[in-house]
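Subject: Structure handover

Hello,

Here is the structure for your files. My notes follow below it.

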Amino acid sequence: MPGRVRRGTPLPRRARRGRRRHEGLRVATAESSPPGRVRHDGVVDFEPYRGELVAYCYRMLGSYHEAEDLVQETMLRAWKARDRYDSTRASVRTWLYRIATNVCLTALEGRARRPLPSGLGAPSEDPGAPLTPAFDIPWLQPFPDARFDMGARADLRLALVAAMQVLPPRQRAVLVLREVLEFSAAEVATQLGTTATAVNSALQRARAALADVGDVGQVTEPDDPEVRAVIQRYVRAFEAADVPALVRLLTDEAVLEMPPVPLWYRGSRDYGLFMRRVFEMRGTGWRMRDLTANGQPALAAYVPDPGGGHRLHTLQVVTVTGGRVSHNVVFADPGVFEAFDLPEKI
């Protein structure tokens, strides 16, 4: 994995974080609301929908930080439009998704997609290639599971979210709203200002475009006992700098990629050669911490610090298939670490 990358001057401990940790928006409804408008007595609480809206905007944008900002904008727009909400036409949830969809589509106008390195070209055949980060590319970010309690997250898998970024924004919205969130074609048509026929056509094209992604159901959950056993063996081998043991845990076509470095490797041989290089460059005695991201096992890797202890180096999001590691996306951007509230030193 590349050295820890800093993008110019480090950002302050974000005003953005302050925006994320806000009080929920609660809409008090006036008793004098005219018929056909706000239909609730008391308070409409938008806050229960925040987690699923963040996940939705993340699927659309590929950025957790942007997703949180766009959900906050969605909540503010809903609050300002509260007197125009009509519960006879849509539930609060459907109404919020309509606003969030418009916010996301506006944000995506003129935007480049967020890829992973494997989406940009052929794998590298040189395990000694320079590890030069490319900050001009808006890389796909992982999703920090621990921030939201949303149940199953198979549809948040990194490979699937990366593939979604290739779709035109409106097809992306149709796919998520219909396939993941299970809105009806008529509801999605209303949310997008189009027809049910157009929605079904867009869904068919989106499904065809993602046909090569594979069945996410084949990927086991991070709390599956077999997956946990594989991850624990991987951790032990990594902390021991035991490259042969690491290689034995890989599938033959295992993929290793390292945004913001725009190169990637395919195959257990090159994966192992690169890991040997990492331990030669950064030393041994690493420490790993378990977590999850995108509904997948994840590891925070800490490298020995010359001053004592260990400092955060990378966040690794791992795919386990058939009892072996088939894919490892290694993030080295400090902005990613912040989203997961990872300590800089242990």
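**Helices on the sheet**

Helix 9 (residues 225–239) lies across strand 3, strand 5, strand 6 (296–304), strand 7 (310–321) and strand 8 (324–331), at about 150° to strand 5. Helix 11 (residues 268–282) also packs on the sheet. Helix 11 touches strand 3, strand 4, strand 6, strand 7 and strand 8, and its direction makes about 50° with that of strand 3. Angles run from 0 to 180 degrees between N-to-C directions, with axes fitted to C-alpha atoms, for helices over the stretch in contact. Helices (H or I, at least four residues) and strands (E, at least two) are DSSP runs, numbered from the N terminus.

This is a predicted model: local features need pLDDT of at least 70, side-chain atom pairs need 80 or more, and totals for chains, interfaces and linings use all residues. Numbering starts from 1 along each chain as its sequence is written, and side-chain values use heavy atoms, without hydrogens or water.

**The sheet**

The sheet is open, with 6 strands in the order 4-3-8-7-6-5 and mixed pairing. Pairing needs at least two DSSP bridges between two strands. Strand 4 (261–266) and strand 5 (287–293) are the edges; each has a single partner, so one side of each has no neighbour in the sheet. Neighbouring strands are turned by 20° against each other on average, direction ignored. Strand 3 (residues 250–258) and strand 4 run antiparallel, joined by 4 bridges. Met-258 stands opposite Val-261 in strand 4.

**Helix 2**

Helix 2 (residues 50–61) has 11 of its 12 residues buried, so it is largely enclosed by the rest of the structure. Buried means under 20% relative accessible area (1.4 Å probe, protein chains only). The cover includes helix 3 (64–80), helix 4 (92–107), helix 5 (158–164) and helix 6 (169–180). Just after helix 2, Gly-62 takes a positive phi of about 75°.

**Cores**

Which residues touch the most other members of the largest nonpolar core? They are Tyr-56, Tyr-58 and Leu-315, in a core of 71 residues. Such a core is a set of buried Ala, Val, Leu, Ile, Met, Phe, Trp, Tyr and Cys residues joined through side-chain atoms within 4.5 Å. Helix 4 gives the largest share, 10 residues. Another core, of 35 residues, lies apart from it; Ile-231, Val-243, Val-278 and Leu-299 are among its members.

Beyond four places in sequence, Tyr-58 has contacts (heavy atoms within 4.5 Å) including Tyr-64, Leu-140, Phe-143, Val-161 and Asn-294.

Best regards

Definitions and conventions:
Buried < 20%, exposed > 50% of the residue type's maximum accessible area, 1.4 Å probe, protein only.
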